[in-house]
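Colleague: I should be grateful for a close look at the salt bridges of this protein, written for a student in the first year. Please place them within the whole before turning to the details.

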Amino acid sequence: EKIRIEIISLGLTESRVTLDETIQQLFVECRLYNFLAEETPLSLPKPTSGQRIHYNYSNVIYVDKANNRARREYLKSMLLKPDLHTESLRFTVVSDPPEDEQDLECEDMGFAYVSLREIFQKQRDVIEQDIDVFDSQDDSAVIGKLKVTVEALHALRSVYEECKDD
């Protein structure tokens, strides 16, 4: 009764992000609809083109009936009434200002998505898969690849069985 998310690594393509000298440290935030945002505990130095930075960060979102009814209801509604804006986990690559420039804000560089609905439809978890990171300023431009694992199938099946029982 849980969804396990792993943020493994990030690689950047030649883009405004790799060319911008002021962007030095990056961390990744993961958000499930409006419930939960988790971020990698460390921001890491921006990788050069062709290199990857490794977060090896893992997190679990519990969706058991007893303690997490709201999350469970959300998963139910997502399976029953598809809506592109709510069915995906959203990963945000964020620029973390250097220690000596704390007046700068954290800034969203790009977004990547994993569709929970698709995991359910294909009956397959996403395991160590590279997903496109789209530029926050131009969502048609890909600025890199984020390697992630999302294990949600078991929880989604359980929620779906519950839907059939209701």
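Modeller: The account below begins with the overall fold and then turns to the salt bridges and some residues around them.

The model is a predicted one. Its secondary structure consists of four helices and nine strands. Followed along the sequence, these elements come in the order β-α-β-β-β-β-α-β-β-α-β-β-α. The C-alpha trace extends over about 55 × 30 × 25 Å along its principal axes. A compact globule of 166 residues would have a radius of gyration near 15 Å, and the 17 Å of this protein agrees with that. Of the 166 residues, 48% are buried. If one takes the contacts between residues at least 6 apart in sequence, 64% of them join residues at least 24 apart. The protein exposes about 9100 Å², and carbon and sulfur atoms supply 46% of this area.

Next come the charges. The protein carries 20 positive and 33 negative charges, and the mean positions of the two sets are 10 Å apart. Side chains of opposite charge can pair when their charged atoms come close. How many salt bridges does the structure hold? There are 12 salt bridges in the structure, and three of them are described here one by one.

One salt bridge joins the side chains of Arg52 and Asp130, with a distance of 2.7 Å from N to O. Arg52 belongs to strand β5, residues 52-62, and Asp130 to strand β8, residues 126-135, so the pair ties together parts that lie 78 residues apart in sequence. Are these two residues buried, or partly exposed? Arg52 has a relative accessible area of 30% and is therefore partly exposed. Asp130 also counts as partly exposed, because its relative accessibility is 33%.

Another salt bridge is formed by Lys65 and Glu162, whose closest N and O atoms are 3.6 Å apart. This pair links distant parts of the chain: Lys65 is in the loop between β5 and α2, Glu162 is in helix α4, residues 153-165, and 97 residues separate them. Here the two partners fall on either side of the 20% limit under which a residue is called buried. Lys65, at 43% relative accessibility, is partly exposed, whereas Glu162, with a relative accessible area of 11%, is buried. Lys65 and Glu162 also belong to a network of salt bridges, which links them with Glu1, Arg72, Glu73 and Lys76.

A further salt bridge brings together the side chains of Asp132 and Lys145, at 2.3 Å from N to O. Asp132 is in strand β8 and Lys145 in strand β9, residues 138-151; the two are 13 residues apart. Asp132 is partly exposed, because its relative accessibility is 27%. Lys145 is partly exposed as well, with a relative accessible area of 34%.

Helix α4, which holds Glu162, is also where Ser158 is found. With a relative accessible area of 18%, Ser158 counts as buried. Which residues does Ser158 touch, apart from those up to four places away in sequence? They are Glu1 and Arg72, and both of these are members of the salt-bridge network. The C-alpha atom of Ser158 is separated by 21 Å from that of Arg31, a residue 127 places away along the chain.

Arg31 leads to another serine, since it is one of the residues that Ser88 touches. Ser88 is placed in strand β6, residues 88-96, and is buried, because its relative accessibility is 14%. Leaving aside residues up to four places away in sequence, Ser88 touches Tyr33, Tyr113, Val114, Ser115 and Leu116 in addition to Arg31.

Finally, the strands that hold Arg52 and Asp130 each contain a residue with a backbone angle worth noting. Most residues other than glycine have a negative phi. Asn56, in strand β5, has a phi near 45 degrees, which is a positive value. Asn56 is exposed, with a relative accessible area of 54%. Glu128, in strand β8, likewise has a positive phi, near 45 degrees.

Methods
Residues numbered from 1 in each chain as written. Predicted model: local features only at pLDDT ≥ 70, side-chain atom pairs only at ≥ 80, totals over all residues. Heavy atoms only, no water. Rg over C-alpha atoms; globule rule 2.2 N^0.38 Å. Buried < 20%, exposed > 50% of the residue type's maximum accessible area, 1.4 Å probe, protein only. Contact = heavy atoms within 4.5 Å. Areas by Shrake-Rupley, 256 points an atom, 1.4 Å probe, with all protein chains shown as cover. Lys, Arg positive; Asp, Glu negative; His and termini not counted. Charge placed at Lys NZ, Arg CZ, Asp CG, Glu CD. Salt bridge = Lys/Arg side-chain N within 4 Å of Asp/Glu carboxyl O.
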